[in-house]
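Hi everyone, thanks for coming. I'd like to walk you through a structure I've been looking at this week, so get comfortable and have a look at the screen.

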Amino acid sequence: MNISARPILWLGLAALLLAACSGGRQVQNDEYGTDNQRELALRMSGSNPATSGIVVFGVDRSRDTAGGGGGGPGGGGGGMTVNAYLWRATLDTLSFMPLASADPFGGVIITDWYSPPQAEAERFKATAYVIGRQLRSDGVRVQVFRQVSRNGTWVDAPASTATNSEMEDRVLARARELRSQSAGR
Amino acid sequence: MRKILLGTTAVVSAVMGAAIMAPQASAQEAPTVRIGGSFRAFYGYTQQSSQSSNTATGLPLTTGNQVQGLPPDSTAATVVGGNGVAGTAIGSSIARQGKHDISTDANIDVIVNGKLANGLTYGAQISFNTGSNGIEGRQVVGQRSSAGKTTLAVDEMYAFIAHPRFGQVRFGDEDGVMGGLMNSGWIQGFGTGGVHGSWESFVVRQAGARTTTAPGGLGDNSKIIYMTPQFFGFDFGASFAPNSNGGEDTGCPNSASSGYCDASVAFTGARNFGVLASGPDQAVRRNEYQLAARWRGNFGGVGMSVTAGYLGSGAARDMSGSGQQYRVFNNLNVWQIGAQASYLGFTFGANFSQGDFNFLWGNVLRGGRPGEQLVVGGQYSAGPFTFGANFVTGLFEGGDRTTYTEVANPAGAALGSILTPTQNRPTAVNQSTTLASQRRWGLGVGANYRIAPGMDLIAEYVYYSVREQGRDLDTNRTGIQSRGFDNVFLLGTRLAF
């Protein structure tokens, strides 16, 4: 028995060494299985156990977090009024641009102007609207604005309409990824 | 623009990848204390093969390590009738079982969470449960003990400290890494958990048919757990528990050696406690350790999770009246591998366990066959609906192949009594034997409708069967009843907050 258990023991030791020397991703409590009746019921019904219940002491921060793994396929979860997967996916997708404002209750994300390093004579700004609590393909709308530099001043220029839908597709793909990662837990 | 967009999407991918791998930025958070809970009420319609019997079993129902609570064969019992004439009972002392019941259960949790500026998160959870716990089964909380069915008991209670770089330590009464925290392939996210769900609340434990071998059944014995962060999709965990009990104190009022005592490495009658018995979690399991390695990732939108794990333990020895210690149990020695995949609301999974364990993660008596179990399941979620089914089949240690009896002053013994093994072999054709291995299989089908966040309507059907060739599992009926089965249909609601 001891001999057969040894490889896994070594694996455990190697894991400890890994933990000590390089940065991994922190595994959140809701990524572990549970036998707790309340947590099981909440997970099955698409609610986030970490943000449910009554706060009897301290500040309830669940309303200003962006989903954090919560949010079922049909619900916002955690006090959000928009779908948590779409919200998180939109933030992820637009994170390459500086963020100007994000309102999780209205579902609006506005970025600041951003010039790609490859084309410094033009800049972009995006506005994204996450609509509703459902994870639906029409639940997100992205509008990209473009300006080009002419004689040192920025003037508006049209952005191709395909850009908007391509951004939306990226958001939806990311939302699907997030959804499938958390499904079945 | 297209070129730029492609370029920037590459940046997006890189940034997203980095965001997943990097420790999260942290801001200090004062601790919060939350109170949450759950309640469930189900109506159940049950058909099962067993019957009520007024025959005294002679032994407390909690002491068997195997198929438990079987009454002695009434065909052999001599009874005195109303007319004062002695005769032989022929299966007359039985009554049918009621089919309708309503089962309720609730729990209250206190949850503490906090975060320090250096990214360290910490907290604790204390869970109070009335009587029994759905999936866990009654073997852990108040199983057939003298406590009332609605007595409040503590289920889990533990503290944790987690760091983005060093992982998480949990300390207290909680499941182990193989006993529920990191398993893959157990599909139970529909109904009440299908074949591992609440149907067990409705059946009479005839032939041990009620208990199923699911991760949580290993129990929340006091342990220390370490789980690493995730590296390249992999995370690892290990846990150690000194014995099978939870809670405060050792459980020993004096130095008399007993199974209720955390400190007993040997005690009289240990041979009866292969699986957890009533009251304090009493079993021979000692020095339990669990190891798990899990990989999670994504292939083109298909979420995958694979876990390999190991469970090992020692066993307390049995002690005879003359103070000799006997090793009557095998150590626990279980390998498990499981995998599951999720795509567009579908989740499928399978899990296989093999090694020295019996149907309730108990230690196998020496000479008993090792256990093996396969679980397969699938579920689908669409809007407020979830549907699912799971199936379990397994071969386990059947009746004891060896019976240990204490023989007082046998020939050759200098003094006191010694534990004497007897091989169980049938002496005639068609005689009930205890040599067989036990086959258990079950199928669960369930559906949920979410009427509000945290509140579900649930309907579920479960069939469960126990079969042990040649062994009489219902001795009050004539012939060898080598098969027991349960049919449970349940309908009800569950609310969690």
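Let's start at one residue. B:Phe497 counts as partly exposed because its relative accessibility is 34%. One thing before I go on: what you see is a predicted model, so keep that in mind throughout.

Where does B:Phe497 sit? You'll find B:Phe497 in the segment after strand 25 of chain B, and that strand covers 483-496. B:Phe497 also has company at the surface. Together with A:Ile54, A:Val56, A:Phe57, B:Ile108 and B:Leu495, B:Phe497 makes a nonpolar surface patch of about 530 Å². Which element gives the most to that patch? That would be strand 1 of chain A, residues 54-57, with 3 residues.

Okay, let's zoom out to chain B. There are 497 residues in chain B, and 53% of them count as buried. In terms of elements, chain B has 2 helices and 25 strands. The surface that chain B exposes comes to about 20,100 Å², and 62% of that is supplied by carbon and sulfur atoms. Now think about contacts between residues at least 6 apart in sequence: in chain B, 67% of these join residues at least 24 apart.

With that many strands on the screen, let's pick out a few. Find strand 14 of chain B, residues 302-315, and then strand 17 of chain B, residues 332-343. These two run antiparallel, and 11 bridges join them. If you want a single pair to click on, take B:Ser313, whose bridge partner in strand 17 of chain B is B:Leu332.

Now move on to strand 18 of chain B, residues 346-356, which is joined to strand 17 of chain B by 11 bridges, again antiparallel. Here the pair to look at is B:Ser342, standing opposite B:Thr347 of strand 18. How many residues lie between strand 17 and strand 18 of chain B? There are 2, and the two strands form a hairpin. In the turn, B:Leu344 has a positive phi of about 45°. While you're staring at strands, here's a general thing to remember: in a regular strand, side chains alternate between the two faces of the sheet.

If you carry on past strand 18 of chain B, you get into the loop leading to strand 19 (371-382), and that loop holds B:Trp361. B:Trp361 has a positive phi too, near 55°, and this residue is not a glycine. Buried or exposed? B:Trp361 is buried, because its relative accessible area is 1%.

Chain A has a positive phi to set beside that one. A:Asn151, also not a glycine, has a phi near 55°. A:Asn151 is in the loop between strand 5 and strand 6 (153-157) of chain A. But A:Asn151 counts as exposed, because its relative accessibility is 84%.

Back in chain B, there's a little sheet worth finding. Three strands form an open sheet there in the order 12-15-16, with mixed pairing. Its edge strands are strand 12 (266-267) and strand 16 (325-326), each pairing on one side only. Strand 15, residues 317-319, pairs with strand 16 in the antiparallel sense over 2 bridges. In that pairing, B:Met319 has B:Gln325 of strand 16 as its bridge partner.

Next, the disulfide. The count over all chains comes to 1. Which residues form it? They are B:Cys252 and B:Cys261, and their sulfur atoms are 1.7 Å apart. The link between B:Cys252 and B:Cys261 is right-handed, with 70° about the S-S bond. B:Cys252 is partly exposed, since its relative accessible area is 21%, while B:Cys261 counts as buried, at 9%.

Last stop, two residues in chain A. A:Leu86 lies in helix 3, residues 84-93, and A:Leu86 counts as buried because its relative accessibility is 0%. Leaving out residues up to four places away in sequence, A:Leu86 touches several others, including A:Val130, A:Val171 and A:Ala175. A:Arg136 is another of those contacts; A:Leu86 and A:Arg136 are 50 residues apart along the chain, with their C-alpha atoms separated by 8.7 Å.

Then there's A:Gln143, in strand 5 of chain A, residues 140-150. A:Gln143 counts as partly exposed because its relative accessibility is 35%. Beyond its neighbours within four places in sequence, A:Gln143 is in contact with A:Lys125, A:Ala126, A:Thr127 and A:Asn164.

That's my tour, so over to you for questions.

Key:
Residues numbered from 1 in each chain as written. Chains lettered and ligands numbered in written order. Predicted model: local features only at pLDDT ≥ 70, side-chain atom pairs only at ≥ 80, totals over all residues. Heavy atoms only, no water. Helix = DSSP H or I, 4+ residues; strand = E, 2+ residues; numbered from the N terminus. Buried < 20%, exposed > 50% of the residue type's maximum accessible area, 1.4 Å probe, protein only. Contact = heavy atoms within 4.5 Å. Areas by Shrake-Rupley, 256 points an atom, 1.4 Å probe, with all protein chains shown as cover. Pairing = 2+ DSSP bridges. Patch = residues over 30% accessible without salt bridge, like charges linked within 9 Å, V, L, I, M, F, W, Y side chains within 5 Å. Salt bridge = Lys/Arg side-chain N within 4 Å of Asp/Glu carboxyl O. Disulfide = S-S within 2.5 Å.
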